[in-house]
Every structure is written in structure tokens, then in C-alpha cells.
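Student: I have a model open and want to practise reading it. Can we go through its features one by one?

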Amino acid sequence: FHHLPSGITYSHCNLVLGDGMVIDPWKLEEELDSWFAFGGERPEGERLFISERAHITLPYHRILDGADKEIGTTGRGIGPTYRDAIDRIGIRFVDLPSVLKDDAKVTLMVNRMNSQLTAAGLDSSIDKLTLTNDLEWIQNRFGESVRPTGVMIDHSLKRGEFVLLEGAQGALLDISQGTYPYVTSSVTSRANATHGAGVHPGHVNRCIGVVKAYTTRVGHGPFPAELTDDVGKHLGDVGHEFGTTTGRPRRCGWLDLVALRYACQVNGVTQLMMMKADVLSGLKILKICTSYNYKGKEIKHLPFNIESENVKPIYTEFKGWSEDLTAMEKDSSLPVSLINYIEFLENELKIPIKIVSVGPDRKQTIFR
């Protein structure tokens, strides 16, 4: 799923696509069709609701995004949709009825889109009739699902119901706090979880950080702890490290404690869950990047300029383990070397690691 919340697999859960989302109606349709083929359910309008404030990704946005060759985006039109939102020329689901009644506005949209496609050096163009038909299809297909979802969530919280907020992307892909310009086009930190849902941040009193036992990155951008040797290949092969959306191989490296420390700081993480500990099995020596040599000086904070000519990783080494973790069920079963690895991180971060994942199955989860 890229749009649908994970709660769709639980029939008692209501589902919301929140205010802060940009939604591709055609991709959403694909996901809903896949869900119907699997479970025989059409949740839209029944327990799946779309925020009236959510912005719509149109074919034009995907075409424009496809011109990117520098950042390494997914090409899904996400950045251009957010750009239109910031420029205050985007289309939200609540706007569809009024836009469809305003022929002059549709003409203006077409002219603007085509001028921007031309400026980007693209041969593609947007046809007014096609755009009108697209907007009508979106309204007819999803209009009954559009709701003031922020109000709905607020009412749920006041009734004492449980609300799970889901987001996407890692902390360092945050548009403001990430490794700019190699970032996504929205705020991906904890701060935007409630804001993007339309409720205030005081509702959140616990923040769980999810981190792999090593570090990965997909696309371009700085990666001081990246490994391009056999160890990096091991992490990618054993960890099945391919981008969820693009299928591109992820770049792999040792765990970067500088970046992790920063992510915990920005998000106010109160506990951590470590994923993919099993991928490190079989490596004789493990390393954690504990600081950077930044322009000749050792630092432990994330600098604004992390390019390779400025930053060299400084490592602390650990003894690896050979045991197969995938069948282990208790904390006491874990190898001493892994316990040492975990406790070192806890001491450095002053944050407990409560869960260690030792395999892809949900049962392969060890609670500490």
C-alpha cells in the first residue's frame, strides 16, 4: 500500500487519508481494486474516508516529476503536487465541484500546466477535454468518500478511541530537517503526524523510532557510512534492500549513530525498535559510525553540509556473531555480541531499544 492505511486489514478500523496527503486517484484506485480482489471489500465511503483538504496528484504532476534526473525521486508526481499546494494553485478534493463549474479556471489550469511542461523541456501537453474528464472521474469515483476527516479524528480522540497515525519516509528525508536537497517534498517528522491529520500535537505522548540495525538510502544524497564492498553487497542481498516504490537497489552501510542521534532529537523519540538484526549475522566484524571527521574536526552532530569532501566517518568496531537469529524467540537467546551492540546504542542515545526484529515475519519479533 502507498495510500491505504495498514488498518484496512482489520475490519473494525475506520480509515482516513489525511489532510496533509497528496493523493493520486488512479494509484488509489489500483490499491482498492487489489484489496477488493483479495478481500472482496469496497471500503470507500463505508469506512475509508478522504480528507476534503488533501491535494490531488494529476497526470501533469507525474509527467513533470519524471523530468527529475538529479534528486532521484519516485516519479509519482509527489513533489510537483506539493509545489502547487505551496503556490496556492493546487486542487483539493473539496475544490472539485466548484472547479468543474468554472470553465475559465480549467482553461487557466491547462495553460499553466502546458507552459510549465514546455519550460521543463518536455514534449508532453495537457488537453482541456482530457483534464475535465479526469476531474469528473475523480469526483464521481471518490466524491462520496470525501469528509472533514480532521473533525472525525478529533471526535474519535474525545471518545477515547485509539488512533494510529501513519506516515512515510525517514527522518532525513524531511524537507526542512533532512539532507536537503536530497529530500522528499513534505515534513516527515513527528511534528507533521498530527498536523497532517488535522489534530493538535498534545494528543501524542509516546514516540517510537524505527531503525534498521544498519543504514540504507535509496536515490541520491550524502551517505558517509555507505559500503560499496562485499559487506555492502551482503546487507543489500540478505536484507532484500530495494525501494518500495521504485524497485531501485538501496545503498547500504554501517549504522550511522550521528544520523540516528539527530533523528531521535528532531522527533523526540522515547523508545526504539531495531529492525533486521538478522541481516548482520555472519559478519565477523561490525562497525557503528559514532562521529564524523568534519573538515578535520571530530563532531557528533549532523552538519548542514554532509558531502563526502567535508565528512569522513569515524567508526567503533564490534565483534560479530554467526548464530542464526531467525528462530530465536526470547531476549535471553540473543548472542552476547548482539546484546553488546544494542547496549552500546542505548548508552549512547539514552533511549531504550524495546524491540529487536530477527526476521520478516511478525512473529520474529523479540520484546526486550
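Tutor: Start with helix length. The expected span of a helix is 1.5 Å times one less than its number of residues. Keep in mind that this model is predicted.

Student: How many residues does helix α1 have, and what distance does it reach from its first C-alpha to its last?

Tutor: Helix α1 covers residues 25-39, which is 15 residues. From first C-alpha to last it reaches 20 Å, close to the 21 Å expected.

Student: Which residues of α1 are buried?

Tutor: Buried means under 20% relative accessible area. In α1 that applies to P25, L28, E29, E31, L32 and W35. They cover an arc of only 165° around the axis, so they lie on the same side of α1. On the other side, A37 and F38 are exposed.

Student: What do the buried residues of α1 pack against?

Tutor: Their partners are four strands and a helix: β1 (15-17), β2 (22-23), β3 (48-51), β4 (55-56) and α6 (128-142).

Student: Now charges. What is the general idea?

Tutor: Side chains of opposite charge can pair when their charged atoms come close. The cut-off used here is a Lys or Arg side-chain nitrogen within 4 Å of an Asp or Glu carboxyl oxygen. Across the whole structure, 22 salt bridges are found.

Student: Where do E30 and K27 sit relative to each other?

Tutor: Both are in helix α1, 3 residues apart, so about one helical turn separates them. Their side chains form a salt bridge, 3.9 Å from N to O. E30 is partly exposed at 46% relative accessibility. K27 is also partly exposed, at 25%.

Student: Which parts of the chain does the pair R141 and E44 link?

Tutor: Distant ones. R141 is in helix α6 and E44 is in the loop between α1 and β3, 97 residues apart. Their salt bridge has an N to O distance of 2.5 Å. E44 is buried, with a relative accessible area of 14%. The two also belong to a network of salt bridges with E29, D33 and R42.

Student: Is D84 buried or exposed?

Tutor: D84 counts as buried, at 2% relative accessibility. Its salt-bridge partner R83 has its closest N 3.9 Å from the O of D84. R83 itself is partly exposed at 35%.

Student: Last, the surface. Which residues make the nonpolar patch of about 270 Å²?

Tutor: I175, Y180 and V187 make that patch. V187 lies in the loop between α7 (149-158) and α8 (191-197). A patch residue needs over 30% relative accessible area. V187 is partly exposed at 33%.

How values were computed
Residues numbered from 1 in each chain as written. Predicted model: local features only at pLDDT ≥ 70, side-chain atom pairs only at ≥ 80, totals over all residues. Heavy atoms only, no water. Patch = residues over 30% accessible without salt bridge, like charges linked within 9 Å, V, L, I, M, F, W, Y side chains within 5 Å. Areas by Shrake-Rupley, 256 points an atom, 1.4 Å probe, with all protein chains shown as cover. Helix = DSSP H or I, 4+ residues; strand = E, 2+ residues; numbered from the N terminus. Buried < 20%, exposed > 50% of the residue type's maximum accessible area, 1.4 Å probe, protein only. Arc of directions from axis to C-beta. Contact = heavy atoms within 4.5 Å.
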